[in-house]
Amino acid sequence: MTESVDTPISDVAVAALDAEIGLGNRIVVENLNIYYGDFLAVRDVNMVIEPRSVTALIGPSGCGKSTFIRSLNRMHEVIDGARVEGSVYVDGEDLYGPGVDPVAVRRKVGMVFQRPNPFPTMSIADNVLAGKRLNSRRINKSEAEDLVEKSLRGANLWEEVKDRLDKPGSGLSGGQQQRLCIARAIAVEPEILLMDEPCSALDPISTLAIEQLMNELKSTYTIVIVTHNMQQAARVSSRTAFFTIDGTGQPGYVVEMDDTDVMFSNPKQQSTIDYVTGRFG
Amino acid sequence: MTITDTPPGGDTVVAPTETTSKLGDRIFGGISLGAGILILVTLAAVALFLFVEAWPTFGADPGEFNESFVSYVAPLLFGTIWAASLALLMALPLAVGVALFISHYAPKRIAVTLGYFIDLLAAIPSVVFGLWGIAVLAPILSRSVYPWLEDNLGFLPFFAGPASTSGRTMMTAAVVLAVMILPIITAISREVFLQTPRLHEEASLALGATKWEMIQQAVLPYGRSGVISGAMLGLGRALGETMAVAIILSPANIITVNVISNQNPNTIAANIALKFPESAGLSVNRLIATGLVLFFVTFVVNALARRIANSGFSGADG
Ligand SMILES: Nc1ncnc2c1ncn2[C@@H]1O[C@H](COP(=O)(O)OP(=O)(O)O)[C@@H](O)[C@H]1O
Ligand SMILES: [Mg+2]
């Protein structure tokens, strides 16, 4: 009936077309409400995430950034009582459509968490192969070795660990563990990579390594990153969405989304200006 | 207050809070050291008792008994390990399954209720299990299960028969033992499964694991050493279980893997319970010597379990 409803639908069509001609996987989020039980944590998100680029989500803590990013690969619903209303289209297909298997969604949309979480009982190589083993149990040895090397190179970790692939992943430093988790995520060749504050537990040097890595990965993957660090958002992303919250117990929502340089130099909304200039908690 | 006790020219005066916390440390340290020593002393006392009382058997005149100690204890030792292993074989998969159901599948209310009933199972005295085994389980098994096993699987040495009509078989004893050790293994497994870090479960799910794959990838490896500890506690209980086995089993002085016949090797503990009242003199020493063997077996089992639990990367140190 109104323009605001029409626009996202055509976004979906365009995205489907893009995907078909190999332009990558644009994510189109439509009227997304995200709940924990009865608590509405994030309301009414409409957003287009461009393929093969880095999109940053920023905002004060508790505004629902983690909640939102987890709804993009259906990880939100693994929490008891958590649910979602609305749609998330990838390749023009609604991730929340009837009959869509969340397991299949998660194989297509990889995720890296705030705290590095390699499997402590597995070696470095087995960690990298963990996702692949789920898809196809039988991979021969040379295939496996190739995949381990390729993924670890992709995560800029190969040189550091190539001599101890059979050692436990928990023996690595925090930054190395996080890059191992990235290697594990890209080993299953997802189309989209979600990262929820991937550097917040890391020292500056490891952070730099991961930021460089994101720069390389964005030519292959559509990357969405949550960060509380605005310099980081400015360094790595091409588009930025600003989330906020009006008070505790209120739902978080998107204030505005724009090209990153616009968001940091010339945003439209006063609350964005306050946040990016540090005048807001 | 300790300051007044300090002799002149002794320790320098320290702040009172520091003194009390040091005192607390010392008291607690003393208590735990004492407890540790007490355990070792008890263990040593038991071992010493067993050695001293068992000794006469080994030095005894060969004519005293009509068989050597080794041939006397061999069937008992076999029966003990055989019964306990069978029980563990039955109980372990079931316990892990139930624990997983409680920790990861069942709705909260059902999980809590089920957990409660399983804990209750642990509180039932073993003599009650024995009576249940002989009065309820044995007739059922001997009527419907053992004849079938003999007819259809009789080619396996385990079910060679002739099937017992009383049901007082190794199999019945092992089933009862399995029920007895089920609660402890379940309870410990459930605890370690519940402690799997959410972080690792989500890591697996985010890679596209189904729930069962997530359990294989994150939960079971993390809980592995805990499950082994639980299994060993269960095995320990099964090795030493006395009353239930003594009531159920119809013993004979043989070694056989046949689990459905009337002729069964007895276990060390049940044999002691059965024979002790009618024993005197050297026979008592011989029974105690079999107890020493059981003591030794338990030690070996624990050591092996520790080896298994510690091999590979531990899930708990991540
Ligand atoms: N597991 C959960 N159960 C219930 N409420 C939650 C849960 N996780 C987060 N929330 C709530 O959802 C809101 C958004 O949280 P979150 O997405 O973690 O914010 P952010 O990542 O932006 O800091 C907060 O009010 C938080 O309390
Ligand atoms: Mg967060």
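Guide: In this account Ala, Val, Leu, Ile, Met, Phe, Trp, Tyr, Cys and Pro count as nonpolar, Asp, Glu, Lys and Arg as charged, and the others, Gly among them, as polar. The model discussed here is predicted.

Visitor: What makes up the shell around ligand 1, in terms of nonpolar, polar and charged residues?

Guide: Under that division, the shell around ligand 1 holds five nonpolar residues, seven polar and one charged. Of its 13 residues, Tyr36(A), Ala41(A), Lys65(A), Ser66(A) and Thr67(A) come nearest. By the classes above, Tyr and Ala are nonpolar, Lys is charged, and Ser and Thr fall among the polar residues.

Visitor: Which elements of chain A each supply at least two residues of this shell?

Guide: They are strand 2 (39-49) and helix 2 (65-71). Helix 2 of chain A gives the largest share, three residues.

Visitor: How do you know that strand 1 and strand 2 of chain A pair?

Guide: Pairing requires at least two bridges between the strands. Strand 1 (residues 27-36) and strand 2 of chain A have seven, in the antiparallel sense, and therefore they meet the requirement. Leu32(A) stands opposite Val45(A) of strand 2. Two residues lie between the strands of this hairpin, in which Gly37(A) takes a positive phi near 60°.

Visitor: Why does the radius of gyration of chain A agree with that of a compact globule?

Guide: For 281 residues the rule gives a radius of gyration near 19 Å, and chain A has 19 Å, so the two agree. The C-alpha trace of chain A spans about 55 × 45 × 40 Å along its principal axes. Chain A has eleven helices and ten strands.

Visitor: What share of each chain is buried, and what does the term require?

Guide: A residue is buried if 20 or more other C-beta atoms lie within 10 Å of its own. Buried residues make up 47% of the 281 residues in chain A; in chain B, 39% of 318 residues count as buried.

Visitor: How is chain B built from helices and strands?

Guide: Chain B has eleven helices and two strands, and its pattern along the sequence reads α-α-α-α-α-α-α-α-α-β-β-α-α. Among contacts in chain B with a separation of 6 or more, 81% join residues 24 or more positions apart.

Visitor: What makes a set of residues a nonpolar core, and which members of the largest one touch the most others?

Guide: Core members must be buried residues of the listed nonpolar kinds, joined through C-beta atoms within 7 Å. The largest core has 156 residues, and Ala83(B), Ala87(B), Ala174(B), Val176(B), Leu177(B) and Ile181(B) touch the most other members. Helix 6 (residues 170-194) of chain B contributes the largest share of this core, 18 residues. With residues up to four places away in sequence left out, Ala174(B) touches Ala83(B), Leu86(B), Ala87(B) and Met90(B).

Visitor: How many residues does each chain bring to the contact?

Guide: Chain A brings 21 residues and chain B 20 residues. Helix 3 (102-108), strand 6 (109-112) and helix 4 (124-135) of chain A each supply at least two residues of its side. That side divides into eleven nonpolar, six polar and four charged residues.

Visitor: Against what do the buried residues of helix 7 of chain B pack?

Guide: They pack against helix 3 and strand 6 of chain A, together with helix 8 (211-240) of chain B. The buried residues of helix 7 (residues 198-206) are His200(B), Glu201(B), Ala203(B), Ser204(B), Leu205(B) and Ala206(B). Gly208(B), with a positive phi near 95°, follows helix 7.

Conventions. Residues are numbered from 1 along each chain as its sequence is written. Chains are lettered from A and ligands numbered from 1 in the order in which they are written. This is a predicted model: local features need pLDDT of at least 70, side-chain atom pairs count only at pLDDT 80 or more; totals for chains, interfaces and linings use all residues. Helices (H or I, at least four residues) and strands (E, at least two) are DSSP runs, numbered from the N terminus. The radius of gyration is taken over C-alpha atoms; the globule rule is 2.2 Å times the number of residues to the power 0.38. A residue is buried if 20 or more other C-beta atoms lie within 10 Å of its own, exposed if 12 or fewer, and partly exposed in between; C-beta atoms are placed from the backbone. Two residues are in contact if their C-beta atoms, placed from the backbone, lie within 7 Å. A residue is near a molecule or strand if its C-beta atom, placed from the backbone, lies within 6 Å of it.
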